[in-house]
Structure formats: C-alpha cells, structure tokens
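I sat down with this one to see how the parts fit together. My notes are below, roughly in the order I looked things up.

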Amino acid sequence: MDRKKEIYLDNAATTKVSDRVMERIIDMCTVNYGNPSSMHNKGLEAENQIRNAANIITNVLLCSEEEIYFTSGGTEANNLAIMGVSEANKNVGRHIITTKIEHSSVQKTFKALEAEGFDVTYLDVDKKGYVDEKQLEDAIREDTTLVSIMYVNNEIGTKQNIEKLGNIIKNKNTKIYFHVDAIQAFGKFVINVDKEHIDLLSISGHKIHAPKGIGALYVRKGVKIIPIIHGGGQQKGLRSGTENAMGIVALGEATKEAYKNLKSNMENMMEFKTKLVEEIFNKIDDVVVNGAEFNKSVPHILSLRFKDIKGQALLHALSDIGIYISTGSACSTKKTDLSKTLIAIGLSPDEIYGTIRLSFGPDNYEDDISYIVDNIANLVEKIRKVVRGE
Ligand SMILES: Cc1ncc(COP(=O)(O)O)c(C=O)c1O
C-alpha cells in the first residue's frame, strides 16, 4: 500500500529520532546494556558511554561534567530546578520569580510552590513576548532566591535576551539563582552558561532528534539544591534511579549532531520559514504572524493567526491530508484553557482560537512550500465560507 505524502511541521512538539541516534540506542540496548552502577566491565562500559554523553553536553555549554544531571525529560529538569532550589533555600527567602509565558512544567511547579506558601511574581511580557525588564528589576527583593525565564517560547518562538536578563538579576543580587528552560533553544543556539549568567538550565532530548523521556539539567557548581526523587543515590544523590543509559547516549549523540550542523540547519530553516511566510501572505488574506519581528524571530517556530478560522478545524483538516501542525491554544474549547502565552501577548479569545503553530526541522524542503500553502489556502477559504455564512 502506498503511504500518503506526509509533511511534518510540528518539530516543537517532538522530532523524529535520527538514524545515527537510533544506531547508538540499539547499541546501548543490545551490546552496552550493563547497569552503569555495576562494578564489572559491562557496567563500566555503560558508565563510560554516559560520561562521554555528558562530555558532549559539557563542551556545548562550556561547563564541567559534574554539573550535568540526567532526568526523564524537560518536565523533570524544570521541576527539579525550581522545586529543588526553592526548597533548599527557603530559609534564605520565599520569594521566587517567573514569567506569564512559561511552559506548564514551569508554571505549574510555581503554582505548587505558591500553594505551599511561597510568594511568586509572574512577570508580564509585551505584545511580541519579551519579558518586561524594568518589571524584573523592580520585582527582585531581599528574599528573592530564584528567577526562572525560558530561552525560547515554545508557542510563538520569541527568544529572550538571556544575557541581559541574567545581568539585571545578578546586578541586583549575585546570590539569586537564575534558571533557564532552554528546551526550545538547546541544539538551535550557542548557549554559554557563564556569559549568560545561567545557574541552572533545562534541556530535553526529543526536541533535538533523540527519543522522548530523556533530558538533563545543568546545575552550576555550588548551587544549593535538594533532590525531588529519592532512592539509590545515583548522580551524586541529586537524581536517584538507574540512569537511562540508552536515552543519555542518544541525547549526547543528538547534541553532537545538532551542534555540528547548527549553522546550516538554522540557515535552511530560516530560508524555509521566510519563503513559506511570503507565500502565505501572497495567497491568504487576514493572516498575522504572532510574536517577535520577523528578522529577530527564531527559524524553527512560526505562529500565525487567521481571521474567522478555528485553528483546531484547520489542524484536523490538514492532518487528514498528511500535513501535521499544532494549534496555538490548548485542545479545549473552554475559555480557561486558552493558551496563557497568547493571553499574555494580548490576543483576544477569537485571535487565540484562530492561531496555529508550524515548527520546522531539517526534513522540511522548499519544494514542499507550494503544496503546503495551497492546501492551507484552500482549507482557510472553505472554513471561512462556513464561518462567514457565505
Ligand atoms: C519550553 C518547554 N519546556 C518544557 C517542555 C517539556 O519537555 P518534555 O516534553 O521533555 O517533558 C517542553 C516540551 O514541549 C517545552 O517546549
């Protein structure tokens, strides 16, 4: 049976595992399958493979190997950073700061801490999704212990100036820890934890062509943090549990590939995105790009809103013909479930419902642009006819 043409434009949700990463996974499952804590050669070999993977990440972030901790993904890395630091430092202060556009794994961790009695400041962003710097500066208090700000927003692709924000924090108080959710930035941008004043940084494998269920947290040496998972004391006691050796090796390999091809991948995606947007504007009326100015926007994420369209209807209709995208709002029609990011940049409920997200990867080709845009244009016209009662 012929498989229908598939075009995957949802790389910010997850990515395909690369061939090379898959080879390494098979090797770790069938050859180097020892428990890294075992003292025999099979265990030692697994441990060496883990150390190699940690070294790859270390070389990218310009940190040291003992500052990398592997987790079950980005969500756990964010939970560990925020819970672990807030709880460990609560005798110093109980005020913590984040933004209104964070991923739910950050936002809900802050909500949980708030319920426990922590005082949380949620920073506003402007219409493009940039954090209000003055508000950040003013929010910092004597009892502030942690600030958590994402590098690249997963819905609209706004990239914060992390170095500048880090500077504001450290100028006010060098003792405040700065956590950055870099899950949509790692593998796409050069990140320098020292230069950008980052104390903790979360990454996730499945956004960069490694499998789901592996992530890592960079924790600067000297940061006071306690574990959220207790057990056998692996990873220097901060993250117990037998290491996901195959996932870790996959993350290392995916990191190596991402940074080896960084420049060409990013240039190709920017070219793809630019041409796609040009053609969308040529063929469709009443469409707006959400987020940052085009020349400052990240190459891999594009958020668009269409007048008189339900993003969900467009998603399903495109899915039926093998084009995979995402909506801008949560998968619910309930008002309370509208995307917090899109609310924070000032969109109305109708604008939020009309939003879709396209996110790109190295497997997107310019040859497909006309096919993608023709189909979107077609469906937008059909949906609008129904909505407008034409
Ligand atoms: C910005 C951001 N943070 C955190 C996460 C959660 O990562 P994971 O899926 O690895 O738990 C995601 C995933 O969508 C994300 O985009």
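What follows are my entries on the domains, the ligand, some strands, one helix and a few single residues.

**Ground rules.** I'm working from a predicted model, where local features need pLDDT of at least 70, side-chain atom pairs count only at pLDDT 80 or more, and totals for chains, interfaces and linings use all residues. Residues are numbered from 1 along each chain as its sequence is written.

**Domains.** I started with the split: domain 1 covers 19-260 and domain 2 covers 262-387. Those bounds come from an automatic or database domain assignment. Taken over C-alpha atoms, the centres of domain 1 and domain 2 are 28 Å apart. Next I looked up who touches whom, and 18 residues of domain 1 are in contact with 21 residues of domain 2. Contact here is C-beta atoms, placed from the backbone, within 7 Å. On the domain 1 side I found six nonpolar, five polar and seven charged residues. For those classes, Ala, Val, Leu, Ile, Met, Phe, Trp, Tyr, Cys and Pro are nonpolar, Asp, Glu, Lys and Arg are charged, and the others, Gly among them, are polar.

**Ligand.** How many residues surround the ligand? I get 14, and the closest are Gly73, Gly74, Thr75, His103 and Asn154. To be near, a residue needs its C-beta atom, placed from the backbone, within 6 Å. By class the shell has two nonpolar, 11 polar and one charged residues. Its largest share, three residues, comes from helix α3 (residues 74-88). Helices (H or I, at least four residues) and strands (E, at least two) are DSSP runs, numbered from the N terminus.

**Strand β7.** I wanted to know how covered β7 (residues 200-204) is, and five of its five residues are buried. My cut-offs count other C-beta atoms, placed from the backbone, within 10 Å of a residue's own: buried is 20 or more, exposed is 12 or fewer, and partly exposed is in between. Leu200, Ser202 and Ser204 lie on one side of β7, Leu201 and Ile203 on the other, and both faces are covered. Then I checked the neighbours. β7 pairs with β6 (residues 177-181) in the parallel sense over three bridges, and His179 has Leu200 as its bridge partner in β7. With β8 (residues 215-219), β7 pairs in the antiparallel sense over five bridges, and Ser202 has Leu217 as its bridge partner in β8. Pairing takes at least two DSSP bridges between two strands.

**Open sheet.** Another sheet caught my eye: four strands in the order β9-β10-β13-β12, open, with antiparallel pairing. β9 (287-289) and β12 (326-327) each have a single partner strand and stand at the edges, so one side of each has no neighbour in the sheet. I followed β12 to β13 (residues 355-359), which it joins through two antiparallel bridges. There, Ser326 has Arg357 as its bridge partner in β13.

**Leu358.** Since I was in β13, I looked up Leu358, which sits in that strand. It counts as buried because it has 27 C-beta neighbours inside 10 Å. Not counting residues up to four places away in sequence, Leu358 touches Leu9, Leu302 and Ile325.

**Helix α6.** Which residues of α6 (residues 162-172) are buried? I found Ile162, Leu165, Gly166 and Ile169. They cover an arc of only 100 degrees around the axis (from the directions of the C-beta atoms as seen from the helix axis), so they sit on the same side of α6. Glu163 and Asn171 are exposed on the other side of α6. The buried residues of α6 pack against α5 (133-139), β5 (144-150) and β6.

**Odd phi values.** I went looking for positive phi outside glycine. His209 has phi near 75 degrees and sits in the loop between β7 and β8. Is His209 buried or exposed? His209 counts as buried because 27 C-beta neighbours fall inside 10 Å. Asp286 also has a positive phi, about 50 degrees, and sits in the loop between α8 (262-283) and β9. Asp286 counts as exposed because 12 C-beta neighbours fall inside 10 Å.

**Lys224.** My last entry is Lys224, in the loop between β8 and α7 (245-260). Lys224 and Gly84 are 140 residues apart along the chain, with C-alpha atoms separated by 8.2 Å. Leaving aside neighbours within four places in sequence, Lys224 is in contact with Ala88 and Asn89.

Terms used:
Two residues are in contact if their C-beta atoms, placed from the backbone, lie within 7 Å.
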